[in-house]
Amino acid sequence: MWEPICLTLAATAGNNIGKVLQKKGTVILPPLSLKLKVVKAYAFNKAWIIGFLMDIFGALLMLRALSLAPVSVIQPVSGCGLAILCIFSHFYLKEVMNAIDWVGIVLAGVGTIGVGVGGEEQKASSIDIFHLPWLVVIIAILFVLLNTWLRICKRQRREQELMQSDVVEEIIFGLESGILFGMASVISKMGFVLLEQGFSQMLVPVCLLISICCSGTGFVYQTRGLKHGRAIVVSTCAAVASIVTGVLAGMFALGEQLPSAPAARLLLLLGWVCIIFGVILLVSSRRLIQHLPRPLRRLVRSSTDRSNNLRRSSSLRTRESNPSAVIHATTLHHLLTTTTAKEKA
């Protein structure tokens, strides 16, 4: 069980870090198009191409992990990608993290260990064909209810002439995107399970194609939510809905069961809970700080400021130890002084 968990961690790290590197590379790049000049600019941008390859490699590793372990194990562990991204951003991008961020990372790590230990005794998946239509019907009904609720909220907002999105709309967009992300993993796993049960090999690429469509539609819903609402609400709901959907749909449609041993079952459940709470803390840490009691708020902010000051001082020491930086700063100061003197004259 530890092999697919390690593959999942590597996959989700590649996906998340790859997207950060791509974002960093696009800062100096034009909007992506099929023009030869633009394609060359993207292909020769080191940060973007490394991020793109990491993203693709992460997707391949995720498929491999899904072929080896139940979705109810893989999908919760994939939520730890946010923790890995925070650590990467802290040490590579020099972003400052507060105490709640570190608590979320620790919870995600502990939850991963719990899922790994508790998931050892899970039985292999076995698809019940009669459950698949019910799963499709349940998801369809759920989306009809969510979209109906969304339309009611938008109508009320227009009647009240409110410009800002309501929190309910943000939650709905997050839930819809998370459900689709979770279903994408379930459908991918379904292809491998059907192959193991003796069905045609053509079902594997068909399931992967449907999974890609689900992921793409999920990104559309998530983008709509991020455009019109707050990222903290949309991202939290999407992450939690993705984990819960993967676990429940995997048990219902793929026949995945909890371990028979009470201790293993408890560890698996605690692992799920720790990962979910860890993701929530990582996404909403800055908002949670505002609701802490004043003494705790001061303690958290003072530690964050202290870390920020240390990073600034280390950056200054690096500049001072770099002769070219000193010469450049001296030359710039001389030019500014000369320009100012000429203006006064």
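What follows is a walk through the fold, the confidence, the main pocket and the aromatic contacts of this predicted model.

Starting with the overall build, the protein has 13 helices and 0 strands, so-called α elements that run one after another from the N terminus as α-α-α-α-α-α-α-α-α-α-α-α-α. Of the 345 residues, 41% are buried. Long-range packing shows up clearly in the contacts: among those with a separation of 6 or more, 79% join residues 24 or more positions apart.

Confidence comes next. The average pLDDT for the protein is 76, and 79% of the residues reach at least 70. Helix α3 scores highest, at 87, while helix α13 (residues 323-344) sits at the other end with a mean of 43. The pLDDT stays below 50 over residues 313-345, a stretch that has 3 contacts in the model beyond near neighbours in sequence. Where pLDDT is low, the predicted coordinates should not be read in detail.

Now to the empty space. The largest pocket holds about 1600 Å³. Its lining is made up of 41 residues, and those nearest the centre are Asn15, Asn16, Lys19, Phe181 and Phe219. Two or more lining residues come from each of α1 (2-25), α3 (46-68), α4 (71-78), α5 (81-91), α8 (167-196), α9 (203-228), α10 (231-253) and α11 (262-290). By residue type, the lining splits into 23 nonpolar, 16 polar and 2 charged.

One of the elements that contribute to this lining, α4, is also mostly covered, with 8 of its 8 residues buried. The buried residues in α4 are Val71, Ser72, Val73, Ile74, Gln75, Pro76, Val77 and Ser78.

As for the aromatic side chains, the structure contains 4 aromatic pairs. In one of them, Tyr42 and Trp48 meet edge-to-face, with 5.1 Å from centre to centre and 85 degrees between the planes. Tyr42 has a relative accessible area of 6%, which is under the 20% cut-off, so Tyr42 is buried. Trp48 also counts as buried because its relative accessibility, 13%, falls under that 20% limit. Ring pairs tie these two residues and Phe52 into a cluster.

A second edge-to-face pair is formed by Phe143 and Tyr221: the ring centres are 6.0 Å apart, and the pair earns that label because the planes lie at 65 degrees, over the cut-off of 60. This pair bridges distant parts of the chain, with Phe143 in helix α7 (residues 131-159) and Tyr221 in helix α9, 78 residues apart. Both Phe143 and Tyr221 are buried.

Helix α7 is also the place of Trp149. Trp149 has a relative accessibility of 44%, between the 20% and 50% limits, and therefore counts as partly exposed. Leaving aside residues up to four places away in sequence, Trp149 touches Val168 and Ile172. Along the chain, Trp149 and Val168 are 19 residues apart, and their C-alpha atoms are separated by 8.7 Å.

Notes
Residues numbered from 1 in each chain as written. Predicted model: local features only at pLDDT ≥ 70, side-chain atom pairs only at ≥ 80, totals over all residues. Heavy atoms only, no water. 1 Å grid on protein atoms, 1.4 Å probe; cavity = no way out; pocket = protein on both sides within 12 Å on 5 of 7 lines; lining within 4 Å. Points joined across faces, edges and corners; volume = space filled by probe spheres on them. Helix = DSSP H or I, 4+ residues; strand = E, 2+ residues; numbered from the N terminus. Nonpolar A, V, L, I, M, F, W, Y, C, P; charged D, E, K, R; others polar. pLDDT = per-residue confidence, 0-100. Contact = heavy atoms within 4.5 Å. Phe/Tyr/Trp six-rings, centres within 6.5 Å; stacked < 30°, edge-to-face > 60°. Buried < 20%, exposed > 50% of the residue type's maximum accessible area, 1.4 Å probe, protein only.
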